[in-house]
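Subject: The two-chain model for you to look through

Dear colleague,

Here is the structure I promised to pass on to you. Please have the view open while you read, since my notes follow directly below it.

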Amino acid sequence: MSEAVSLLPWAVAAWLLGIGLYGIVTSRNYIHLIGCLSVVQSATYVLLLGVGFRHGAGPPIFYDHPPGTPAVDPVVQALVLTDIVIGATVTALLLALVLQLHRRRGTIDPHEVRPFGP
Amino acid sequence: MSARVRLWVFLLACLCVVPAVIHVARRMPEFGAHPLPYGDAINARATRERHVTNMVSAVNFDYRGIDTLGEEFMLLCAVTGTTVLLRGTRPQPLADRPGQVAGREVRPASDAVVLICRMFGAAILVFGLYIALHAMTTPGGGFQGGVIIASGFMLIYLGEGYRGWRGLMRPELLDAAEGAGATLYAVAGFAAMAAGLPFLTNFLPLGQPKDVFSGGLMLVENVGVALAVAGGFAVLFVEFLKETRTEQNGEDS
């Protein structure tokens, strides 16, 4: 039981990474592909927050309990925080690329867009 | 590479990676009992050294401040790239009609939607400012506050419609907020250098813990991040919603 619980966060992170990559590999639509990329990215959130978690610890905010009370890792939380904001804007950039692709080539199917193609 | 070959390559890669993932996961320290020396050091010292009670902000704006500077410029680059790709492809006038699907009528927003959006739009803008300003004491900060402020802009769009919303959203002001935020962060670093200290050294008075104005230079950097994030997301909203405009006869695109 304890080992299963201990493995669960890593299993969830690996599953999100795998299912997202599977979506990217089999995608027939760039908007779907960008959604899959966000799923891959959310694997990093689970992994980082899993690394920083600690049983019975509070948030790393020492406003109403004094410094020294057990708290989870603030470093990974800061990493996830910036990760989410950057991920959202990079998604917007990719969606803008898809809009331009649709305007120029009339398709958003990755299979129809060949590198160095016509 | 055909779709079938691509799938087989992916499955082959999974076969190689999955045993490695299982091997590593089984040898991780027990979940919830990891040694976290870096986080513990910051939890133990930051309140004493930097007079702030929010450790995440202390990491973001002070102990790893240079990382956040890099992230600011990533944000700036992504927003600039999106704007360059989208701007100028659609007509600018505010009088444009919303995009329409043939045969589907566009109804005006109901009074209930307008009322709720006006009430909550303003409340969410104030809440975003509160979250952004209390970065040093309670959970929150420029990143979260900036995103909340930008989502308040979206509620204004839902309530007022495109024309009323564009009357409020001045792209030149939003561009300026986005650029000025990133610049403010960089200038905060160079100001420390001008004072003869290493880049991004916290040289301002630190104030009292649990006070909104504690943290010294972190406050300036936090304002920069809040401006850059709120401005950046608002610019993205303007650019993407412009894409839903339909061209009208007699307009230059």
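The radius of gyration is taken over C-alpha atoms, and the rule for a globule is 2.2 Å times the number of residues to the power 0.38. By that rule a compact globule of 253 residues would have a value near 18 Å, whereas chain B has 24 Å. For chain A the value is 20 Å, against the one near 13 Å for a compact globule of 118 residues.

Please keep in mind that this is a predicted model, in which local features need pLDDT of at least 70 and side-chain atom pairs count only at pLDDT 80 or more, while totals for chains, interfaces and linings use all residues. Residues are numbered from 1 along each chain as its sequence is written, and chains are lettered from A and ligands numbered from 1 in the order in which they are written.

Chain B

The secondary structure of chain B consists of 8 helices and 2 strands (DSSP runs numbered from the N terminus, with H or I over at least four residues for a helix and E over at least two for a strand). Along the sequence they come in the pattern α-α-α-α-β-α-α-α-α-β. The C-alpha atoms of chain B fill a box of roughly 65 × 55 × 40 Å along the principal axes, and 36% of its 253 residues are buried (20 or more other C-beta atoms within 10 Å of the residue's own, against 12 or fewer for exposed and partly exposed in between, with C-beta atoms placed from the backbone).

Two helices of this chain pack against each other, namely H4 (residues 65-86) and H7 (residues 171-194), at an angle of about 155 degrees and with their axes 10 Å apart. Here the axes are lines fitted to C-alpha atoms over the stretch in contact, and angles run from 0 to 180 degrees between N-to-C directions. H4(B) and H7(B) are therefore roughly antiparallel, a word that is used for angles over 145 degrees. Where they meet, B:Leu69, B:Glu72, B:Phe73, B:Leu76 and B:Val79 of H4(B) are in contact (C-beta atoms, placed from the backbone, within 7 Å) with B:Glu178, B:Ala182, B:Tyr185, B:Ala186 and B:Gly189 of H7(B).

Is B:His51, in the loop between H2 and H3 of chain B, buried or exposed? B:His51 counts as buried, because it has 21 C-beta neighbours inside 10 Å. Its C-alpha atom is separated by 7.9 Å from that of B:Lys210, although the two are 159 residues apart along the chain. Leaving aside residues up to four places away in sequence, B:His51 touches B:Leu206, B:Gly207, B:Gln208, B:Pro209, B:Ser214 and B:Gly215.

Chain A and where the chains meet

Chain A has 3 helices and 0 strands, which gives the pattern α-α-α along the sequence. Its C-alpha atoms fill a box of roughly 65 × 35 × 20 Å along the principal axes, and buried residues make up 24% of its 118 residues.

How many residues of chain B are in contact with chain A? There are 47 of them, and they meet 41 residues of chain A. The elements of chain B that give two or more residues to this side include helix H1 (3-26), helix H6 (142-168) and helix H8 (217-242), but H4(B) gives the most, with 10 residues.

With best wishes

Terms used
Parallel < 35°, antiparallel > 145°, perpendicular 65-115°, else oblique. Contact = placed C-beta atoms within 7 Å.
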